[in-house]
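The exercises below lead a newcomer through one structure, and each task is followed by a solution that goes step by step. Please keep the sequence and the model in view while reading.

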Amino acid sequence: MERCVGIDLGTTNSVMAWVGPDDRPEIIPNADGYAYTPSVVAFEDDAVLVGRIARSQAALNPERTIFSIKRRIGEDGYRVRINGAAYSPQEISALILKRLKADAEAYIGGEIERAVVTAPAYFNATQRAATREAAEIAGLQIDRILDEPTAAAMAYKLHEQDRLTILVFDLGGGTLDISVLKLHKGRFSVIATSGDNELGGDDFDQRMMQLLAGKFENRHGVDLLACDAVTAQRLREAAEEAKRQLSFKDSTRVSVPFIVPEKALSLDFDIVRADFEKAAIDLFDRLRAPLLDALDHAKLKPVDIDEVLLSGGSTRIPRVRNVLADVFGMEALSTINPDECVAMGAAAAANWGTTKITFKASRSVGVEVAGGSFSSVIQRGATLPPVAVESYTTAHEGQTAISFPIYQGEDTIAQRNLLLGEIVIDDIEPGPAGKAQVDVAFEMTSEGILKASAKDVATGTQVSVEIESAVMTEDEKAFATQRVAEMAAKIE
Ligand code: AMP
């Protein structure tokens, strides 16, 4: 049987799931036995480390340890420089995916060739293409790049309902992503997204570190935050653990033996949830504005939301749930582990096929028109695959050609959006400005391929381009595949 897994390729952690022999999605533990693998890659002289082992040696090897590569995926020209070589974000992501693939194969006991990989709803065509390239470099054929909130909703089997409006609240390690989905007859569409790129579990860790360091300084007169990288790392790990514990308990004990070894000082005290909540009160307050923004974009009120879904490990924090209960007047769905539901939904999608989901353009696509402004042809939120046509005309007398640079984004100034390509139509019959009519048609497939054509209505001349939304050339991809395969042999 050909096996297809679901992969939540996260900024902080990655999770895999599959539909196992009992026909239900289940998490695939990694080789260390954990449900999640830190999305961290580290290079040593002769080895490549991926996952927990890479994360735990980070303080000793900061220059050669790579965190949060997902934030860079699709970024033009971005390279990680290590040991004299330059790696694209696709290659670093591919190393993570190789490790996941190998662990899953060991667990399942067979080869895995296909996967559904998830991406944030707001990812543009380039970020999606780069994600796909990362998977291909890792030797995985990608069935689909699935929106994370859609995956979360599928994990809850919400697609079995007829009509629902769902808000997915995803608070992970580094970011807050909010999506509003409409479900109609088993079809999902993302109608609005919002969030905060700089708010996540790491910020809560930071507050806990400050709280612990403050207490320590009061007792021992030593500022742990001014100590070396290794001390900072030990403090961070203790802070994260305390934060996790306080999601389930009112108080917890934090102890790090000999955190200042030269003075034989240990960190050892109890910390209560209320103190943590006070230390992070402004962070909890910051959750509200993006929520209201998402509702505003979707032209909805809190009462219009039928279900609130939790995704991301940080939604385990009780105070986060309180904020949501306060805004929506109901409890969020939380029967599936919030850090696992995206992978579970991806596994379900991998197994159930593509027929039940429609895609929406998460960004508008259009052309630059005279004066540099952006004229959108496919509106953000349009159902895919739509064919959209807009008519344009010449700006000057005697003009015989029009070029349409194609952009994706929401800015009214074309060049502030992402340039995807260009379509040029010439041989227009010379005439006064505004006489010719050129119809520009765009079609976007669910795979993110944009088919654009321009037609001179008077002569019937038509030119078309297909924008593959690829980031790498075939040569670059082949080189990366070879290099990643060699490095993968050294993964520990
Ligand atoms: P994710 O990106 O979804 O894997 O989320 C990772 C973040 O969730 C990290 O910042 C974790 O510290 C945080 N997290 C995981 N479990 C808990 C918990 N029980 N309480 C609070 N935060 C948690």
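**Exercise 1. Describe the open sheet of 4 strands, beginning with its strand order.**

Solution. In this sheet the strands follow the order E22-E25-E26-E27 and pair in the antiparallel sense, where strands are DSSP runs (E, at least two residues) that, like helices (H or I, at least four residues), are numbered from the N terminus, and where two strands count as paired if DSSP finds at least two bridges between them. The next step is to find the edges, which are strand E22 (387-392) and strand E27 (462-467), each of them pairing on one side only. On average, neighbouring strands of this sheet are turned by 15 degrees against each other, direction ignored; the axes behind this value are lines fitted to C-alpha atoms, and angles in general run from 0 to 180 degrees between N-to-C directions. Looking at one pair in detail, E22 and strand E25 (residues 438-444) run antiparallel and are joined by 6 bridges, and Glu-390 has Val-440 in E25 as its bridge partner.

Two remarks on the basis of these values belong here. The model is predicted, so that local features need pLDDT of at least 70 and side-chain atom pairs count only at pLDDT 80 or more, while totals for chains, interfaces and linings use all residues. Residues are numbered from 1 along each chain as its sequence is written, and side-chain values use heavy atoms, with hydrogens and water left out.

**Exercise 2. Work out which strands form the edges of the open sheet E6-E5-E7.**

Solution. This sheet has 3 strands with antiparallel pairing, and its edges are strand E6 (48-50) and strand E7 (65-66), each pairing on one side only. Strand E5 (residues 41-43) pairs with E6 over 3 bridges, and within this pair Ala-42 stands opposite Leu-49 in E6.

**Exercise 3. Locate the ligand with respect to the domains, and describe its surroundings.**

Solution. Begin with the division of the protein into domain 1 (3-199 + 287-359 + 477-488), domain 2 (201-282) and domain 3 (365-460), with bounds that come from an automatic or database domain assignment. Because domain 1 and domain 2 both give residues to the shell around the ligand, the ligand lies between them.

Next, consider the contacts, with a polar contact being a pair of N or O atoms within 3.5 Å. A polar side-chain atom of Glu-240 is 2.6 Å from an oxygen atom of the ligand, and an N or O atom in the side chain of Ser-247 is 2.6 Å from a ligand nitrogen atom. Gly-313 instead places a backbone N or O atom 2.9 Å from an oxygen atom of the ligand.

Methods: A polar contact is a pair of N or O atoms within 3.5 Å; within protein, one must be able to donate a hydrogen and the other to accept it, and residues adjacent in sequence count only if both atoms are side-chain atoms.
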